[in-house]
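User: I have a single chain to look over before setting up calculations. Can you take me through it?

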Amino acid sequence: MSKDDLIKLEGQVTRVLGGGAMEIQCDNQLTIRGVLSGRMKKNRIRVMAGDRVQVSISPYDTTHGLVTYRF
């Protein structure tokens, strides 16, 4: 699967879990568990509760996503 096949949603981080995982409430009332992308870990971008983020989701599993951008 390529990067172009992923679904991009925006939402707000509601809870930060351990190991770079977090719970995200999307704008369409969908709750997703997301993890930080490798580029965000590499550049040490911090994401805290209340931040707006962009999440890339696979069309096969819509409960798990990859946080790709923090607004």
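The questions below go from the overall fold to one buried residue and then to the salt bridges.

User: What kind of model is this, and in what order do the elements of the chain run?
Analyst: This is a predicted model. Its secondary structure comes to 1 helix and 5 strands. From the N terminus on, the order is β-β-β-α-β-β.

User: What radius of gyration does the chain have, against that of a compact globule?
Analyst: The C-alpha trace spans about 25 × 25 × 20 Å along its principal axes. For 71 residues, a compact globule would have a radius of gyration near 11 Å. The chain agrees with that, at 11 Å.

User: What share of the contacts with a separation of 6 or more joins residues 24 or more positions apart?
Analyst: Contact here means heavy atoms within 4.5 Å. Among pairs with a separation of 6 or more, those 24 or more positions apart account for 51%.

User: What share of the residues is buried, and what share of the exposed area comes from carbon and sulfur?
Analyst: Buried residues make up 31% of the 71 in the chain. The chain exposes about 4900 Å². Carbon and sulfur atoms supply 49% of that area.

User: How far apart are the mean positions of the positive and negative charges?
Analyst: The chain has 11 positive and 7 negative charges. Take the mean position of each set. The two means are 11 Å apart.

User: Is Leu-36 buried or exposed?
Analyst: Leu-36 is found in strand S3, residues 31–36. Its relative accessible area is 13%. The cut-off for burial is under 20%, so Leu-36 counts as buried.

User: Which residues does Leu-36 touch, leaving out those up to four places away in sequence?
Analyst: Start with the backbone. The C-alpha atoms of Leu-36 and Thr-68 are separated by 6.9 Å, though the two residues are 32 apart along the chain. Beyond four places in sequence, Leu-36 touches Gly-20, Met-22, Lys-41, Ile-45, Val-47, Leu-66 and Val-67.

User: How many salt bridges does the chain have?
Analyst: The rule asks for a side-chain nitrogen of Lys or Arg within 4 Å of a carboxyl oxygen of Asp or Glu. By this rule the count is 3.

User: Which strands hold Arg-52 and Glu-10?
Analyst: The side chains of Arg-52 and Glu-10 meet in a salt bridge at 3.6 Å, N to O. The pair ties together parts 42 residues apart in sequence, because Arg-52 lies in strand S4 (residues 52–57) and Glu-10 in strand S1 (residues 7–16). The strands are S4 and S1.

User: Where does Asp-27, a salt-bridge partner of Arg-52, lie?
Analyst: The side chains of Arg-52 and Asp-27 meet at 3.2 Å, N to O. This pair ties together parts 25 residues apart in sequence. Arg-52 is in strand S4, while Asp-27 lies in the loop between strand S2 (21–26) and S3.

User: Which residues are linked in a network of salt bridges?
Analyst: Arg-52 bridges to Glu-10 and also to Asp-27. Arg-52 is partly exposed at 31%, Glu-10 at 36% and Asp-27 at 48%. The network links Glu-10, Asp-27 and Arg-52.

User: What is the N to O distance in the salt bridge between Glu-23 and Arg-15?
Analyst: Glu-23 is partly exposed, with a relative accessible area of 22%. Arg-15 is partly exposed as well, at 43%. Their side chains meet in a salt bridge with an N to O distance of 3.2 Å.

Definitions and conventions
Residues numbered from 1 in each chain as written. Predicted model: local features only at pLDDT ≥ 70, side-chain atom pairs only at ≥ 80, totals over all residues. Heavy atoms only, no water. Helix = DSSP H or I, 4+ residues; strand = E, 2+ residues; numbered from the N terminus. Rg over C-alpha atoms; globule rule 2.2 N^0.38 Å. Buried < 20%, exposed > 50% of the residue type's maximum accessible area, 1.4 Å probe, protein only. Areas by Shrake-Rupley, 256 points an atom, 1.4 Å probe, with all protein chains shown as cover. Lys, Arg positive; Asp, Glu negative; His and termini not counted. Charge placed at Lys NZ, Arg CZ, Asp CG, Glu CD.
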